[in-house]
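Biologist: I am new to this structure and should like to go through it step by step. Would you kindly present it?

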Amino acid sequence: MSGIVSITLTGDVKLLTKLKRLGNKDQKAAIRKASRAAARPILQKARELAPRRKGALARSLKLRAIKRSRTRIGVRISTSTLESVFQGKTFYGAFLEFGTKRIAARHFMQRAVDQTKEQAKAIFAAELAKEITAAAMKN
């Protein structure tokens, strides 16, 4: 039931080789900063597309770092600080996104990703290159 979107950067051999030259800590920091910058347009579009009565759902959408792990780095857009999407004051956002047997799914988050995917990829690549350059200059 999780709506995970992942970006795989392929084809930019120079960028990937520069990333591999950095230390592990600098690699993770660069990817984290780039993914945060790339997710901002998706967050804005999701807030625009969120169903509204009073606007609480749109205001509750936040960009948060994913739980730290050795294999995953990135951010998530959610209404809750908790791992479950069905908790918190705006728990109904998950019902609107995924639907129930009585409510048709509205997929506002998926539409936001679909509409801003290419922009997010471009921002990710540009920010990653910038962060790699900054890390290389630091070392």
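Modeller: A salt bridge is here a side-chain nitrogen of Lys or Arg within 4 Å of a carboxyl oxygen of Asp or Glu. By that rule, the side chains of Glu127 and Lys130 form a salt bridge, with 3.5 Å from N to O. The model is a predicted one.

Biologist: How confident is the predictor in the protein chain, and which element has the highest mean pLDDT?

Modeller: The protein chain has an average pLDDT of 84, and 86% of the residues score at least 70. Among its elements, helix 1 has the lowest mean, 80. The highest mean, 91, belongs to helix 2.

Biologist: What pattern do the elements follow along the sequence?

Modeller: The protein chain contains five helices and two strands. Read along the sequence, they give the pattern α-α-α-β-β-α-α.

Biologist: What share of the contacts with a separation of 6 or more is between residues 24 or more positions apart?

Modeller: The protein chain has 139 residues, of which 34% count as buried. Among its contacts with a separation of 6 or more, the share from residues 24 or more positions apart is 55%.

Biologist: Which element gives the most residues to the largest nonpolar core?

Modeller: The largest nonpolar core has 27 residues, and those with the most contacts inside it include Leu61, Phe108 and Met109. Helix 1, helix 2, helix 3, strand 2 and helix 5 each supply at least two residues of this core. The element that gives the most, with nine residues, is helix 5.

Biologist: Is there a general tendency that bears on such a core?

Modeller: In soluble globular proteins, nonpolar side chains tend to be buried together.

Biologist: Which residues does Met109 contact, leaving aside its neighbours within four places in sequence?

Modeller: Met109 is one of the residues with the most contacts inside the largest nonpolar core. Leaving aside neighbours within four places in sequence, its contacts are Ala46, Leu61, Ile77 and Glu97.

Biologist: Glu97 appears in that list. Which side chain of opposite charge is nearest to Glu97, and how far away is that side chain?

Modeller: Glu97 is found in helix 4, residues 92-98. Glu97 is buried yet has no salt bridge. A salt bridge requires the nitrogen and oxygen to be within 4 Å. The nearest side chain of opposite charge is Arg111, at 7.5 Å.

Biologist: Which backbone nitrogen lies 2.7 Å from a polar atom of the Glu97 side chain?

Modeller: Not counting residues up to four places away in sequence, Glu97 touches several residues, among them Ala105, His107 and Gln110. The backbone nitrogen that lies 2.7 Å from a polar atom of its side chain is that of Met109.

Biologist: What is the phi of His107, one of the residues that Glu97 touches?

Modeller: His107 is found in the loop between helix 4 and helix 5. At 38% relative accessibility, His107 counts as partly exposed. Most residues other than glycine have a negative phi. His107 is not a glycine, yet its phi is positive, about 50 degrees.

Biologist: How many residues apart are Lys33 and Glu131, which form a salt bridge?

Modeller: The closest N and O atoms of Lys33 and Glu131 are 3.8 Å apart. Lys33 is partly exposed, with a relative accessible area of 49%, whereas Glu131 is buried, at 16%. The pair links distant parts of the chain, with Lys33 in helix 2, Glu131 in helix 5 and a separation of 98 residues.

Biologist: How far apart in sequence are Lys45 and Glu48?

Modeller: The side chains of Lys45 and Glu48 meet in a salt bridge, with 3.3 Å from N to O. Lys45 is partly exposed at 22%, and Glu48 counts as exposed at 54%. Both lie in helix 2, separated by about one helical turn, which means three residues.

Biologist: How many salt bridges are counted by this rule?

Modeller: The pairs include Lys33 with Glu131, and Lys45 with Glu48. Another is Glu127 with Lys130, three residues apart in helix 5, where Lys130 is partly exposed at 48%. By this rule the count is four.

Biologist: How far apart in space are Glu118 and Ala38, C-alpha to C-alpha?

Modeller: Glu118 has its place in helix 5 and counts as exposed, at 56% relative accessibility. In sequence, Glu118 and Ala38 are 80 residues apart. In space, their C-alpha to C-alpha distance is 9.9 Å.

Conventions
Residues numbered from 1 in each chain as written. Heavy atoms only, no water. Helix = DSSP H or I, 4+ residues; strand = E, 2+ residues; numbered from the N terminus. Buried < 20%, exposed > 50% of the residue type's maximum accessible area, 1.4 Å probe, protein only. Lys, Arg positive; Asp, Glu negative; His and termini not counted. Polar contact = N/O pair within 3.5 Å; in protein donor to acceptor, adjacent residues only side chain to side chain. Contact = heavy atoms within 4.5 Å. Core = buried A, V, L, I, M, F, W, Y, C linked by side-chain atoms within 4.5 Å. pLDDT = per-residue confidence, 0-100.
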